[in-house]
Amino acid sequence: KRPAGIALVRKLIAQSDVLIENFRHGAMDELGLGSDAALKINPRLVYCALKGFLPGPYEKRVALDEVVQMMGGMAYMTGPPGQPLRAGASVNDVLGGVFGALAILAALRERDRTGRGGAVQSGLFETNMFLMAQHMAYSAIEGRELPSFADPTLGRPWPVYDVLDCADGGAKLFVGVVTLTQWRKFCEAFGLHDLLHDPELATMQQLAAARARILPKVAAVFQKLPQAELMHRCEALGLPFAPIARPAQMFEDPHLLASGGLLPIDFARAQNVTGTAARAVAGVPGLPVLMRDGRPCLRRQPPRIGEHSVEVAVECDVSTDEIDAMLADGTLFASP
């Protein structure tokens, strides 16, 4: 907010392709750095604002991932009846950034054609509503509300689509049997011959309607076998299955390790990291894409606060005397 800092940002804008800001509504305009001002400095700039809400009646509200999950139906769909529950990850924060990146890429392609940049926005609330579109469509088509996923009355169109206990204490496995071919293989592999040859269980509709008597028999079989054996059998049968894992277990996931999906982040560089149990270096999931030359790799470690301040100022042709003055008055901060 100091004049020297504003001047430095203006120099950055003049030579940048993209500006991304995530401040409260109107904050950048108050600094004289809103999209209109920035595009006057550099008409080729793509100015991306990540906001709680796109322009409309809610645009000045404070938004959090939990706020938009509650107001947009996601918490209702996640929790049991009468107990709305936020999703176990900040899905709107993450996907809001992804949609912002998509808008930036589209604006850059448009700039290739026209030579001009422009302002784009991504909203948390609108991201949440994009994810809720399937449920809104269901309500419109069926003329009724869809029960939450945690509602025990929610029907399943398949005989098995459930989390089941394994023989090793506490271990659980999700298994889906979603076609008649899978059902026949499943029954043969697990000795459920009475179910397989039951004439009242000949169609998928009959199987789905009979879940109440099918699941106890399936559960009894699974409770006698360890998770590793069950996973081996399910994989051999080509069934959808998944162990119920915790995030901390994923550091050792063989697929993530083999596919280059974990990037070695040096958490010891971060400020205010304490505790002897903390990992100094840990693999953190990278971008979930494969490019022509392989998985996107780690270019550099996450920076300490102010680590590249001087480097960026030098790139903007700020003189050594000006940099020293900005360091002295706190406009710039260089980490030790």
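**Sheet, helix and side-chain contacts in a predicted model**

User: In what order do the strands of the open sheet of three strands stand, and with which pairing?

Analyst: Strands are DSSP runs (E, at least two residues) and helices likewise (H or I, at least four), numbered from the N terminus. Two strands pair if DSSP finds at least two bridges between them. The open sheet of three strands shows parallel pairing, in the order 1-2-3.

User: Which strands stand at the edges of this sheet?

Analyst: An edge strand here has a single partner strand, so one side of it is left without a neighbour in the sheet. The strands at the edges are strand 1 and strand 3 (118-123).

User: What should be known about the origin and numbering of the model?

Analyst: This is a predicted model, in which local features need pLDDT of at least 70 and side-chain atom pairs count only at pLDDT 80 or more, while totals for chains, interfaces and linings use all residues. Side-chain values use heavy atoms, with hydrogens and water left out, and residues are numbered along each chain as its sequence is written, from 1.

User: Over how many bridges do strand 2 and strand 3 pair, and which residue stands opposite Ala49?

Analyst: Strand 2 covers residues 46-51 and pairs with strand 3 in the parallel sense, over six bridges. Opposite Ala49, in strand 3, stands Gln121.

User: Is Lys51 buried or exposed, and how far is the backbone oxygen of Phe23 from a polar atom of its side chain?

Analyst: Lys51 has its place in strand 2. Buried means under 20% relative accessible area, exposed over 50%, and partly exposed in between (1.4 Å probe, protein chains only). At 15% relative accessibility, Lys51 is therefore buried. From the backbone oxygen of Phe23 to a polar atom of the Lys51 side chain, the distance is 2.6 Å.

User: Within what arc do the buried residues of helix 1 fall?

Analyst: The buried residues of helix 1 (residues 3-14) are Gly5, Ile6, Leu8 and Ile13. The arc is taken from the directions between the helix axis and the C-beta atoms. These residues line one face of the helix, because seen down its axis they fall within an arc of 160°.

User: Which residues does Leu298 touch?

Analyst: Leu298 lies in the loop between strand 8 (281-285) and helix 15, and is partly exposed, with a relative accessible area of 28%. Contact means heavy atoms within 4.5 Å. Not counting residues up to four places away in sequence, Leu298 touches Leu263, Pro264 and Ile265.

Key: Expected span 1.5 Å × (residues − 1). Polar contact = N/O pair within 3.5 Å; in protein donor to acceptor, adjacent residues only side chain to side chain.
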